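Visitor: I should like to go through this structure with you, one topic at a time. Could we start with a sheet?

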Amino acid sequence: QPFPPRRAIHDLPDELISQIAAGEVVERPASAVRELVDNALDAGARQVTVRLLAGGVRLITVEDDGAGIARGELQAALRRHATSKIASLHDLESVLTMGFRGEALAAIASVSELSLLSRTPEQDSGWLLDARSGELRPAARARGTTVEVRELFFSTPARRKFLKTDATELAHCVQAVRRHALVRPDVGFAVWHEGKLVEQWRPTLAGGLATDDVHAWRDALARRLADVLGEDFIANAVAVQRHVGGVRVTGWAGVPDAARSRADQQYSYVNGRFVRDRVLAHAARSAYEDVLHGQRQPVYALYLEIDPQRVDVNVHPTKIEVRFRDGREVHQAVRHALEDALAAPRAQALAEAPG
Ligand code: ADP
Ligand code: MG
(Lines give C-alpha, C1' and ligand atoms only; values in the text may rest on other atoms or scores of the structure.)
(Ligands and ions follow the chains in the order given, each with its own letter.)
Protein backbone atom coordinates (compact mmCIF):
# COMPACT_ATOMS: atom_id res chain seq x y z
CA GLN A 1 0.00 0.00 0.00
CA PRO A 2 1.76 3.21 -1.13
CA PHE A 3 1.74 6.28 1.08
CA PRO A 4 -0.33 9.21 -0.16
CA PRO A 5 1.87 11.73 -2.00
CA ARG A 6 3.86 13.89 0.40
CA ARG A 7 2.86 17.51 0.34
CA ALA A 8 4.52 20.36 2.15
CA ILE A 9 2.78 21.98 5.10
CA HIS A 10 1.84 25.56 4.41
CA ASP A 11 -0.25 28.30 6.00
CA LEU A 12 -3.73 28.70 4.62
CA PRO A 13 -4.62 32.03 3.08
CA ASP A 14 -6.48 34.35 5.45
CA GLU A 15 -9.68 34.33 3.46
CA LEU A 16 -9.85 30.54 3.52
CA ILE A 17 -9.20 30.50 7.28
CA SER A 18 -12.16 32.83 7.71
CA GLN A 19 -14.37 30.75 5.47
CA ILE A 20 -13.53 27.60 7.39
CA ALA A 21 -14.22 29.34 10.69
CA ALA A 22 -17.44 30.77 9.25
CA GLY A 23 -18.72 27.25 8.76
CA GLU A 24 -19.01 26.92 12.52
CA VAL A 25 -20.60 30.28 13.16
CA VAL A 26 -22.92 30.72 10.18
CA GLU A 27 -24.93 27.70 9.31
CA ARG A 28 -27.88 29.46 7.70
CA PRO A 29 -29.41 32.95 7.51
CA ALA A 30 -30.87 32.59 11.02
CA SER A 31 -27.36 32.19 12.47
CA ALA A 32 -26.35 35.52 10.97
CA VAL A 33 -29.56 37.12 12.24
CA ARG A 34 -28.85 35.84 15.74
CA GLU A 35 -25.30 37.18 15.76
CA LEU A 36 -26.33 40.57 14.41
CA VAL A 37 -29.15 40.95 16.92
CA ASP A 38 -26.72 39.94 19.68
CA ASN A 39 -24.47 42.77 18.57
CA ALA A 40 -27.34 45.25 18.52
CA LEU A 41 -28.29 44.31 22.07
CA ASP A 42 -24.68 44.49 23.24
CA ALA A 43 -24.63 48.03 21.82
CA GLY A 44 -27.58 49.00 24.03
CA ALA A 45 -30.23 49.14 21.30
CA ARG A 46 -33.83 49.85 22.29
CA GLN A 47 -35.22 48.99 18.88
CA VAL A 48 -33.94 46.28 16.52
CA THR A 49 -35.35 45.91 13.02
CA VAL A 50 -34.58 42.94 10.80
CA ARG A 51 -35.37 43.04 7.08
CA LEU A 52 -35.07 39.98 4.89
CA LEU A 53 -35.34 39.00 1.25
CA ALA A 54 -35.76 35.36 0.19
CA GLY A 55 -35.69 34.01 3.73
CA GLY A 56 -32.52 35.99 4.41
CA VAL A 57 -30.49 34.29 1.67
CA ARG A 58 -30.57 37.26 -0.67
CA LEU A 59 -30.53 39.97 1.97
CA ILE A 60 -30.45 40.41 5.73
CA THR A 61 -30.31 43.86 7.24
CA VAL A 62 -30.27 44.46 10.96
CA GLU A 63 -30.80 48.04 12.09
CA ASP A 64 -30.34 49.26 15.63
CA ASP A 65 -30.34 52.49 17.60
CA GLY A 66 -27.41 51.50 19.77
CA ALA A 67 -24.08 53.14 20.51
CA GLY A 68 -22.74 52.78 16.98
CA ILE A 69 -19.23 52.03 15.74
CA ALA A 70 -16.83 54.91 15.32
CA ARG A 71 -15.60 55.61 11.81
CA GLY A 72 -12.05 54.69 12.77
CA GLU A 73 -13.16 51.31 14.11
CA LEU A 74 -15.33 50.04 11.28
CA GLN A 75 -12.43 48.14 9.72
CA ALA A 76 -11.48 46.59 13.05
CA ALA A 77 -15.06 45.43 13.64
CA LEU A 78 -14.67 43.17 10.62
CA ARG A 79 -11.37 41.65 11.67
CA ARG A 80 -11.29 38.15 13.09
CA HIS A 81 -10.76 38.00 16.86
CA ALA A 82 -11.22 41.75 17.20
CA THR A 83 -13.74 42.73 19.86
CA SER A 84 -14.57 45.61 22.19
CA LYS A 85 -16.12 43.24 24.73
CA ILE A 86 -13.29 41.46 26.51
CA ALA A 87 -9.62 42.17 26.97
CA SER A 88 -8.38 39.39 29.21
CA LEU A 89 -9.00 35.85 30.41
CA HIS A 90 -10.41 37.38 33.55
CA ASP A 91 -13.04 39.26 31.53
CA LEU A 92 -13.90 36.05 29.72
CA GLU A 93 -14.66 34.34 33.01
CA SER A 94 -17.32 36.85 33.92
CA VAL A 95 -18.60 37.86 30.51
CA LEU A 96 -22.12 39.26 30.44
CA THR A 97 -22.31 40.49 26.86
CA MET A 98 -23.77 38.24 24.17
CA GLY A 99 -20.60 38.43 22.10
CA PHE A 100 -16.95 38.20 23.10
CA ARG A 101 -15.16 36.13 20.46
CA GLY A 102 -14.88 38.85 17.84
CA GLU A 103 -15.74 36.36 15.14
CA ALA A 104 -19.25 36.97 13.91
CA LEU A 105 -18.81 39.93 11.58
CA ALA A 106 -15.60 38.50 10.11
CA ALA A 107 -17.25 35.13 9.60
CA ILE A 108 -20.39 36.53 7.99
CA ALA A 109 -18.34 38.90 5.81
CA SER A 110 -16.27 35.98 4.50
CA VAL A 111 -19.33 34.20 3.14
CA SER A 112 -21.43 37.14 1.92
CA GLU A 113 -21.28 40.69 0.65
CA LEU A 114 -21.40 42.67 3.86
CA SER A 115 -21.54 46.35 4.60
CA LEU A 116 -21.54 48.28 7.85
CA LEU A 117 -23.23 51.64 8.20
CA SER A 118 -22.88 53.30 11.55
CA ARG A 119 -22.99 56.57 13.39
CA THR A 120 -21.93 57.23 16.96
CA PRO A 121 -23.48 60.06 19.01
CA GLU A 122 -20.27 62.10 18.58
CA GLN A 123 -20.29 61.99 14.78
CA ASP A 124 -22.31 64.33 12.61
CA SER A 125 -22.77 61.78 9.85
CA GLY A 126 -22.79 58.06 9.39
CA TRP A 127 -20.03 56.10 7.67
CA LEU A 128 -20.46 53.17 5.37
CA LEU A 129 -17.83 50.48 4.98
CA ASP A 130 -18.09 47.95 2.20
CA ALA A 131 -16.31 44.81 3.40
CA ARG A 132 -15.34 43.45 -0.01
CA SER A 133 -13.94 46.59 -1.59
CA GLY A 134 -12.83 48.24 1.65
CA GLU A 135 -14.41 51.47 0.46
CA LEU A 136 -15.34 53.85 3.27
CA ARG A 137 -17.62 56.82 2.62
CA PRO A 138 -20.00 59.12 4.48
CA ALA A 139 -23.67 58.13 4.41
CA ALA A 140 -26.81 59.38 6.09
CA ARG A 141 -27.73 57.59 9.29
CA ALA A 142 -29.28 58.42 12.65
CA ARG A 143 -27.29 57.16 15.64
CA GLY A 144 -26.88 53.40 15.53
CA THR A 145 -25.81 50.69 13.17
CA THR A 146 -27.11 48.94 10.08
CA VAL A 147 -25.45 45.75 8.98
CA GLU A 148 -26.34 44.56 5.51
CA VAL A 149 -25.61 41.00 4.43
CA ARG A 150 -26.19 40.12 0.78
CA GLU A 151 -26.06 36.77 -1.00
CA LEU A 152 -25.12 34.58 1.92
CA PHE A 153 -22.92 31.65 0.89
CA PHE A 154 -22.60 32.94 -2.69
CA SER A 155 -18.93 31.92 -2.58
CA THR A 156 -19.51 28.60 -0.82
CA PRO A 157 -22.04 26.76 -3.01
CA ALA A 158 -21.67 23.57 -0.96
CA ARG A 159 -23.18 25.36 2.03
CA ARG A 160 -25.76 27.17 -0.05
CA LYS A 161 -27.08 23.84 -1.30
CA PHE A 162 -28.04 22.84 2.24
CA LEU A 163 -30.43 25.75 2.63
CA LYS A 164 -34.12 24.92 2.70
CA THR A 165 -37.00 26.83 1.13
CA ASP A 166 -37.27 30.56 1.75
CA ALA A 167 -40.28 29.92 3.98
CA THR A 168 -38.27 27.55 6.18
CA GLU A 169 -35.27 29.87 6.38
CA LEU A 170 -37.61 32.76 7.22
CA ALA A 171 -39.18 30.70 10.01
CA HIS A 172 -35.71 30.06 11.48
CA CYS A 173 -34.87 33.76 11.26
CA VAL A 174 -38.08 34.72 13.05
CA GLN A 175 -37.34 32.09 15.68
CA ALA A 176 -33.89 33.61 16.25
CA VAL A 177 -35.46 37.02 16.89
CA ARG A 178 -38.18 35.48 19.06
CA ARG A 179 -35.52 33.98 21.34
CA HIS A 180 -34.09 37.44 21.90
CA ALA A 181 -37.49 39.03 22.31
CA LEU A 182 -38.44 36.61 25.09
CA VAL A 183 -35.62 37.81 27.29
CA ARG A 184 -35.56 41.52 26.45
CA PRO A 185 -38.99 43.06 27.07
CA ASP A 186 -37.32 46.46 27.25
CA VAL A 187 -36.38 46.30 23.56
CA GLY A 188 -38.68 46.55 20.55
CA PHE A 189 -38.22 44.08 17.71
CA ALA A 190 -39.58 43.99 14.18
CA VAL A 191 -39.06 41.51 11.37
CA TRP A 192 -39.86 42.33 7.74
CA HIS A 193 -39.83 39.91 4.84
CA GLU A 194 -40.08 40.96 1.20
CA GLY A 195 -41.31 44.38 2.36
CA LYS A 196 -44.06 43.00 4.60
CA LEU A 197 -44.11 43.23 8.38
CA VAL A 198 -43.97 39.64 9.68
CA GLU A 199 -43.64 40.21 13.43
CA GLN A 200 -43.52 43.23 15.66
CA TRP A 201 -43.06 43.26 19.40
CA ARG A 202 -43.12 46.62 21.09
CA PRO A 203 -41.25 47.19 24.32
CA THR A 204 -43.43 46.19 27.26
CA LEU A 205 -41.30 47.95 29.82
CA ALA A 206 -42.15 51.63 29.92
CA GLY A 207 -39.46 54.21 30.58
CA GLY A 208 -35.79 53.44 30.95
CA LEU A 209 -34.03 50.24 31.79
CA ALA A 210 -35.69 49.35 35.09
CA THR A 211 -33.73 46.13 35.41
CA ASP A 212 -33.39 46.68 39.14
CA ASP A 213 -37.15 46.82 39.63
CA VAL A 214 -37.80 43.09 39.76
CA HIS A 215 -41.59 43.39 39.72
CA ALA A 216 -41.73 45.76 36.78
CA TRP A 217 -39.35 43.50 34.89
CA ARG A 218 -41.46 40.43 35.65
CA ASP A 219 -44.66 42.11 34.51
CA ALA A 220 -42.97 43.31 31.35
CA LEU A 221 -41.65 39.84 30.69
CA ALA A 222 -45.10 38.29 31.17
CA ARG A 223 -46.55 40.76 28.69
CA ARG A 224 -43.80 40.04 26.21
CA LEU A 225 -44.39 36.30 26.56
CA ALA A 226 -48.07 36.86 25.85
CA ASP A 227 -47.23 38.99 22.79
CA VAL A 228 -44.75 36.49 21.40
CA LEU A 229 -46.17 33.11 22.40
CA GLY A 230 -49.84 34.04 22.70
CA GLU A 231 -52.14 34.96 25.59
CA ASP A 232 -52.80 31.27 26.14
CA PHE A 233 -49.22 30.63 27.09
CA ILE A 234 -49.36 32.90 30.12
CA ALA A 235 -53.00 32.11 30.95
CA ASN A 236 -52.09 28.44 31.28
CA ALA A 237 -48.76 28.84 33.03
CA VAL A 238 -47.69 29.07 36.64
CA ALA A 239 -45.00 31.38 37.87
CA VAL A 240 -41.65 29.86 38.70
CA GLN A 241 -39.52 31.55 41.30
CA ARG A 242 -36.88 29.90 43.35
CA HIS A 243 -33.43 30.64 44.58
CA VAL A 244 -31.41 27.58 45.54
CA GLY A 245 -27.76 27.85 46.42
CA GLY A 246 -26.08 29.87 43.71
CA VAL A 247 -28.87 29.41 41.18
CA ARG A 248 -31.91 31.63 40.74
CA VAL A 249 -34.66 30.19 38.56
CA THR A 250 -37.59 32.33 37.45
CA GLY A 251 -40.06 32.20 34.60
CA TRP A 252 -43.30 30.51 33.66
CA ALA A 253 -44.15 26.86 33.29
CA GLY A 254 -47.21 25.63 31.42
CA VAL A 255 -49.70 23.52 33.36
CA PRO A 256 -49.78 19.87 32.23
CA ASP A 257 -52.90 20.51 30.12
CA ALA A 258 -50.97 23.08 28.10
CA ALA A 259 -48.44 20.48 26.96
CA ARG A 260 -48.01 20.06 23.23
CA SER A 261 -47.18 17.27 20.86
CA ARG A 262 -43.96 19.04 19.86
CA ALA A 263 -41.23 20.53 22.00
CA ASP A 264 -41.57 23.86 20.25
CA GLN A 265 -42.27 26.10 23.23
CA GLN A 266 -39.39 25.35 25.53
CA TYR A 267 -37.22 28.35 26.11
CA SER A 268 -34.35 28.41 28.55
CA TYR A 269 -31.94 31.22 29.28
CA VAL A 270 -28.78 31.43 31.31
CA ASN A 271 -27.76 34.93 32.36
CA GLY A 272 -29.83 36.45 29.57
CA ARG A 273 -28.53 34.13 26.87
CA PHE A 274 -30.77 31.63 25.08
CA VAL A 275 -29.27 28.17 25.51
CA ARG A 276 -29.97 24.63 24.51
CA ASP A 277 -28.78 22.41 27.28
CA ARG A 278 -29.25 18.77 28.19
CA VAL A 279 -29.05 19.37 31.92
CA LEU A 280 -31.84 21.94 31.77
CA ALA A 281 -33.99 19.93 29.37
CA HIS A 282 -33.63 16.82 31.47
CA ALA A 283 -34.40 18.65 34.70
CA ALA A 284 -37.57 20.11 33.18
CA ARG A 285 -38.60 16.77 31.76
CA SER A 286 -38.21 15.08 35.13
CA ALA A 287 -40.24 17.77 36.92
CA TYR A 288 -43.16 16.97 34.60
CA GLU A 289 -42.61 13.21 34.73
CA ASP A 290 -45.52 12.41 37.02
CA VAL A 291 -47.99 14.84 35.51
CA LEU A 292 -47.48 14.34 31.77
CA HIS A 293 -48.23 11.19 29.90
CA GLY A 294 -46.64 9.72 26.84
CA GLN A 295 -44.84 11.99 24.49
CA ARG A 296 -46.57 15.21 25.53
CA GLN A 297 -44.08 18.07 25.67
CA PRO A 298 -44.23 20.70 28.40
CA VAL A 299 -44.09 24.41 27.55
CA TYR A 300 -41.94 26.79 29.55
CA ALA A 301 -39.80 29.88 29.57
CA LEU A 302 -37.13 29.61 32.23
CA TYR A 303 -34.56 32.20 33.18
CA LEU A 304 -31.56 31.09 35.20
CA GLU A 305 -29.20 33.44 36.88
CA ILE A 306 -25.91 32.00 37.96
CA ASP A 307 -22.63 33.52 38.96
CA PRO A 308 -20.95 33.86 35.53
CA GLN A 309 -17.83 32.27 36.98
CA ARG A 310 -19.79 29.07 37.42
CA VAL A 311 -20.89 28.71 33.84
CA ASP A 312 -18.67 28.46 30.79
CA VAL A 313 -20.22 30.08 27.74
CA ASN A 314 -17.13 29.57 25.62
CA VAL A 315 -17.94 26.00 24.60
CA HIS A 316 -18.97 26.50 21.01
CA PRO A 317 -18.64 29.36 18.51
CA THR A 318 -22.39 29.80 18.40
CA LYS A 319 -22.53 30.10 22.21
CA ILE A 320 -25.84 28.25 22.25
CA GLU A 321 -24.31 25.57 24.46
CA VAL A 322 -22.97 26.20 27.92
CA ARG A 323 -21.21 24.12 30.50
CA PHE A 324 -22.09 24.37 34.16
CA ARG A 325 -19.38 23.94 36.71
CA ASP A 326 -21.88 22.15 38.92
CA GLY A 327 -24.46 20.50 36.68
CA ARG A 328 -26.08 18.62 39.55
CA GLU A 329 -26.83 21.77 41.46
CA VAL A 330 -28.36 23.38 38.37
CA HIS A 331 -30.39 20.26 37.64
CA GLN A 332 -31.81 20.18 41.14
CA ALA A 333 -32.53 23.89 41.19
CA VAL A 334 -34.52 23.70 37.96
CA ARG A 335 -36.30 20.52 38.86
CA HIS A 336 -37.34 21.75 42.28
CA ALA A 337 -38.31 25.17 41.01
CA LEU A 338 -40.63 23.57 38.47
CA GLU A 339 -42.02 20.97 40.85
CA ASP A 340 -42.86 23.65 43.41
CA ALA A 341 -44.52 25.82 40.79
CA LEU A 342 -46.55 22.94 39.39
CA ALA A 343 -47.64 21.79 42.86
CA ALA A 344 -48.75 25.24 43.95
CA PRO A 345 -51.95 25.59 41.92
CA ARG A 346 -53.08 22.12 42.88
CA ALA A 347 -52.51 22.86 46.55
CA GLN A 348 -54.46 26.07 46.09
CA ALA A 349 -57.29 24.31 44.27
CA LEU A 350 -57.54 21.73 47.02
CA ALA A 351 -57.68 24.43 49.69
CA GLU A 352 -60.40 26.27 47.81
CA ALA A 353 -62.47 23.19 47.08
CA PRO A 354 -65.75 23.24 49.05
CA GLY A 355 -66.11 20.73 51.90
P1 ADP B 1 -18.13 40.26 19.21
O2 ADP B 1 -19.59 40.57 19.28
O3 ADP B 1 -17.82 38.90 19.73
O4 ADP B 1 -17.28 41.32 19.83
P5 ADP B 1 -18.46 40.68 16.35
O6 ADP B 1 -17.68 40.22 15.19
O7 ADP B 1 -19.88 40.28 16.42
O8 ADP B 1 -17.69 40.20 17.66
O9 ADP B 1 -18.37 42.27 16.45
C10 ADP B 1 -17.09 42.89 16.50
C11 ADP B 1 -17.17 44.24 17.18
O12 ADP B 1 -17.89 45.17 16.36
C13 ADP B 1 -17.91 44.25 18.50
O14 ADP B 1 -17.04 43.90 19.58
C15 ADP B 1 -18.42 45.68 18.59
O16 ADP B 1 -17.44 46.53 19.12
C17 ADP B 1 -18.64 46.07 17.14
N18 ADP B 1 -20.06 45.95 16.74
C19 ADP B 1 -20.60 44.96 16.00
N20 ADP B 1 -21.91 45.17 15.79
C21 ADP B 1 -22.21 46.32 16.42
C22 ADP B 1 -23.43 47.09 16.56
N23 ADP B 1 -24.58 46.71 16.03
N24 ADP B 1 -23.35 48.24 17.28
C25 ADP B 1 -22.18 48.65 17.83
N26 ADP B 1 -21.01 47.98 17.71
C27 ADP B 1 -21.03 46.83 17.01
MG1 MG C 1 -21.05 39.61 18.11
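Guide: Certainly. This is a predicted model. One of its open sheets is built from 5 strands, arranged as β9-β10-β13-β11-β12 with mixed pairing.

Visitor: Which are the edge strands there?

Guide: They are β9 (237–244) and β12 (273–274), each of which pairs on one side only.

Visitor: And how many bridges join β11 to β12?

Guide: Strand β11 (residues 266–270) runs antiparallel to β12, and 2 bridges join them. Val 270 has Arg 273 of β12 as its bridge partner.

Visitor: What is the strand order in the open sheet of 8 strands?

Guide: The order is β5-β4-β3-β6-β2-β1-β7-β8, and the pairing is again mixed.

Visitor: Why is one side of β5 and of β8 left without a neighbour in that sheet?

Guide: β5 (136–139) and β8 (196–201) stand at the edges with a single partner strand each, so one side of each has no neighbour in the sheet. Between neighbouring strands of this sheet the average turn is 15 degrees, with direction ignored.

Visitor: What packs on it?

Guide: Helix α2 packs on the sheet and touches β1, β2 and β6 (144–150). The direction of α2 makes about 15 degrees with that of β2.

Visitor: Let us take β1, then. Which way does it run relative to β2?

Guide: β1 (residues 47–53) and β2 (residues 59–64) run antiparallel and are joined by 6 bridges. Thr 49 is partnered by Glu 63 of β2, and Leu 53 stands opposite Leu 59 of β2.

Visitor: How many residues lie between β1 and β2 in the hairpin?

Guide: There are 5 residues between the two strands of the hairpin. Ala 54, in the turn, has a positive phi of about 50 degrees.

Visitor: And in what sense does β1 pair with β7?

Guide: With strand β7 (residues 188–193), β1 pairs in the parallel sense over 6 bridges. Val 50 is opposite Val 191 of β7.

Visitor: Why is β1 described as largely enclosed by the rest of the structure?

Guide: Because 5 of the 7 residues of β1 are buried, the strand is largely enclosed by the rest of the structure.

Visitor: Back to the edge strand β5. How does it pair with β4?

Guide: Strand β4 (residues 126–130) and β5 pair in the antiparallel sense, over 4 bridges. Gly 126 stands opposite Ala 139 in β5. The hairpin of β4 and β5 has 5 residues between the strands, and Gly 134 takes a positive phi near 80 degrees.

Visitor: Changing topic: which residues come nearest to ligand 1?

Guide: There are 22 residues around ligand 1, of which Asn 39, Ala 43, Thr 83, Gly 99 and Ala 104 come nearest. Helices α2 (29–42) and α5 (104–110) each supply at least two residues of that shell. The α2 helix is also the one that packs on the sheet, touching β1, β2 and β6.

Visitor: What is the shell made of, by class?

Guide: The shell has 9 nonpolar, 8 polar and 5 charged residues.

Visitor: What does the domain assignment give for the chain?

Guide: It gives domain 1 (14–201) and domain 2 (230–350). Taken over C-alpha atoms, their centres are separated by 29 Å.

Visitor: How many residues of each are in contact with the other?

Guide: 14 residues of domain 1 are in contact with 14 residues of domain 2. On the side of domain 1 that touches domain 2, α1 (14–25) and α4 (89–93) are the elements that give two or more residues. By class, that side of domain 1 has 7 nonpolar, 2 polar and 5 charged residues.

Visitor: One last place: helix α11. Is Leu 342 buried or exposed?

Guide: Leu 342 lies in α11 (residues 327–352). Leu 342 has 20 other C-beta atoms within 10 Å; the threshold for burial is 20 or more, so Leu 342 is buried. Leaving aside neighbours within four places in sequence, Leu 342 is in contact with Val 238, Ala 253, Ala 287 and Val 291. Leu 342 and Tyr 288 are 54 residues apart in sequence and 8.4 Å apart in space, C-alpha to C-alpha.

Visitor: And what about Asp 340?

Guide: Asp 340 is found in helix α11 too. Asp 340 has 17 other C-beta atoms within 10 Å and is therefore partly exposed. From Asp 340 to Ala 287 the separation is 53 residues in sequence and 9.1 Å in space, C-alpha to C-alpha.

Conventions: Residues numbered from 1 in each chain as written. Chains lettered and ligands numbered in written order. Predicted model: local features only at pLDDT ≥ 70, side-chain atom pairs only at ≥ 80, totals over all residues. Near = placed C-beta within 6 Å. Nonpolar A, V, L, I, M, F, W, Y, C, P; charged D, E, K, R; others polar. Pairing = 2+ DSSP bridges. Axes fitted to C-alpha atoms, helices over the stretch in contact; angles between N-to-C directions. Contact = placed C-beta atoms within 7 Å. Domains from an automatic or database assignment. Buried ≥ 20, exposed ≤ 12 C-beta atoms within 10 Å, placed from the backbone.
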